[in-house]
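Please report on how the two chains meet and how one helix is packed. Keep the salt bridges in one table.

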Number of protein chains: 2
Amino acid sequence: MEQHKQFMQIAINEAKASTKDVPVGAVLVIDGKIISKSSNKREQINRPSGHAEVVVIDDAAKILNSWRLQNAKLYVTLEPCPMCAALILQSKIKEVYFGAYDVQYGAFGSKLDMRNTINSQISVKGGILEEECKKLIVDFFQEKR
Amino acid sequence: MEQHKQFMQIAINEAKASTKDVPVGAVLVIDGKIISKSSNKREQINRPSGHAEVVVIDDAAKILNSWRLQNAKLYVTLEPCPMCAALILQSKIKEVYFGAYDVQYGAFGSKLDMRNTINSQISVKGGILEEECKKLIVDFFQEKR
């Protein structure tokens with residue numbers, strides 16, 4: 001559990017470094033090593049698919065020269081949306097750990113469960129450093145108002 | 001209707017040009033002009049998010065310097081999967097025309113309907129040049145066996 005919190009803390013740091021975007025951070029880990037990390041970059045680089053999860057998955061695949069990431073663990077500060085959840089399942093990631101739950105768009109149980117559509121052996125656990133992860137989002141939207 | 005078939009034919013040509021990947025092609029059009037076109041490139045470039053729809057949407061956003069594509073029409077030979085359907089809705093695309101229906105993963109009505117999760121004003125129409133689009137997929141998997 002301690003190790004999961006350590007990687008989530010790195011994802012939180014990524015989220016905090018984001019500027020224009022909704023602050024979400026992600027880290028992709030294989031065999032205890034960080035392969036890629038990113039914040040949400042949709043606004044920053046005008047990439048519609050630029051959620052943190054998509055960026056770290058695409059980056060890791062490029063580094064590993066394979067789009068299948070069977071041994072990967074993904075840490076992300078917010079429950080993945082349907083786009084990201086579908087990509088996570090399609091890329092065969094083994095374990096996902098997320099921080100805050102997203103009742104509006106969360107696709108690992110909160111709004112819908114993408115595992116009902118795409119078969120997989122994935123293990124998913126939410127609520128890692130939940131309060132800190134939630135605070136990132138709450139603070140961002142309070143500042144915006 | 002004729003114009004829709006013309007753009008779908010260009011999407012079919014893109015799909016036919018693909019080599020390693022499941023042959024799916026997409027074209028993104030604004031004001032009657034093609035902004036971007038691509039085949040599915042997941043295997044070819046080892047990009048997990050490299051479905052044809054994601055590639056043309058990200059490419060168009062880069063060209064237009066905006067991740068919101070409100071006036072865009074997307075033509076794709078196969079009904080979008082949940083990842084692509086969610087991205088299409090998030091990027092505010094106005095109209096989607098697809099060719100073949102996908103009972104296994106189609107996320108605009110066949111397997112699930114992503115519009116039930118993500119609010120949008122999108123117009124979606126399937127079955128454009130359906131037989132030709134279906135044949136691309138059927139032929140690909142028959143050759144593989």
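The report below covers the interface, the salt bridges and one helix of a predicted model.

**Interface between chain A and chain B**

The two chains share an extended list of contacts: 30 residues of chain A touch 30 residues of chain B. About 2400 Å² is buried between chain A and chain B, and carbon and sulfur atoms give 62% of that area. A:Asn46, A:Pro48 and A:Trp67 stand out. They supply 27% of the area that chain A buries against chain B, more than any other three residues.

Polar terms come next. There are four salt bridges between chain A and chain B. Residue pairs in polar contact across the two chains number 14, with both residues at pLDDT 80 or more. On the chain A side, α2 (52-64) and α3 (82-90) are the elements that give two or more residues to the surface touching chain B.

**Salt bridges**

Side chains of opposite charge can pair when their charged atoms come close. Over all chains, the count is 14 salt bridges. The table lists some of them.

| Pair | N to O distance |
|---|---|
| A:Arg47 and B:Asp58 | 3.2 Å |
| B:Arg47 and B:Asp58 | 2.8 Å |
| B:Lys73 and B:Glu95 | 3.7 Å |

The pair A:Arg47 and B:Asp58 crosses between chains. A:Arg47 sits in the loop between β2 (33-39) and α2 of chain A, and B:Asp58 in helix α2 (residues 52-64) of chain B. Both residues, A:Arg47 and B:Asp58, are buried.

B:Asp58 also pairs with B:Arg47 inside its own chain. B:Arg47 lies in the loop between β2 (33-39) and α2 of chain B, 11 residues from B:Asp58. The relative accessible area is 7% for B:Asp58 and 16% for B:Arg47. Both values fall under the 20% cut-off, so both residues count as buried. A network of salt bridges links A:Arg47, A:Asp58, B:Arg47 and B:Asp58.

B:Glu95 is in strand β4 (residues 95-100) of chain B and B:Lys73 in strand β3 (residues 72-78) of chain B, so their salt bridge ties together parts 22 residues apart in sequence. B:Glu95 is buried at 14% relative accessible area, whereas B:Lys73 is partly exposed at 24%.

**Helix α4 of chain A**

Helix α4 (residues 130-144) of chain A has 15 residues. At 1.5 Å a residue it should span 21 Å, and its end C-alpha atoms are 22 Å apart, which agrees. Its buried residues are A:Cys133, A:Leu136, A:Ile137 and A:Phe140. Seen down the axis, these fall within an arc of 80 degrees, so they line one face of α4(A). Their cover includes α1 (2-17), β3 (72-78) and β4 (95-100) of chain A. On the other side of α4(A), A:Glu131, A:Gln142 and A:Glu143 are exposed.

Conventions
Residues are numbered from 1 along each chain as its sequence is written. Chains are lettered from A and ligands numbered from 1 in the order in which they are written. This is a predicted model: local features need pLDDT of at least 70, side-chain atom pairs count only at pLDDT 80 or more; totals for chains, interfaces and linings use all residues. Side-chain values use heavy atoms; hydrogens and water are left out. Helices (H or I, at least four residues) and strands (E, at least two) are DSSP runs, numbered from the N terminus. The expected span of a helix is 1.5 Å times one less than its number of residues. Buried means under 20% relative accessible area, exposed over 50%, partly exposed in between (1.4 Å probe, protein chains only). The arc is that of the directions from the helix axis to the C-beta atoms. Contact means heavy atoms within 4.5 Å. Buried area is the accessible area (1.4 Å probe) that two parts lose on being put together, summed over both. A salt bridge is a side-chain nitrogen of Lys or Arg within 4 Å of a carboxyl oxygen of Asp or Glu. A polar contact is a pair of N or O atoms within 3.5 Å; within protein, one must be able to donate a hydrogen and the other to accept it, and residues adjacent in sequence count only if both atoms are side-chain atoms.
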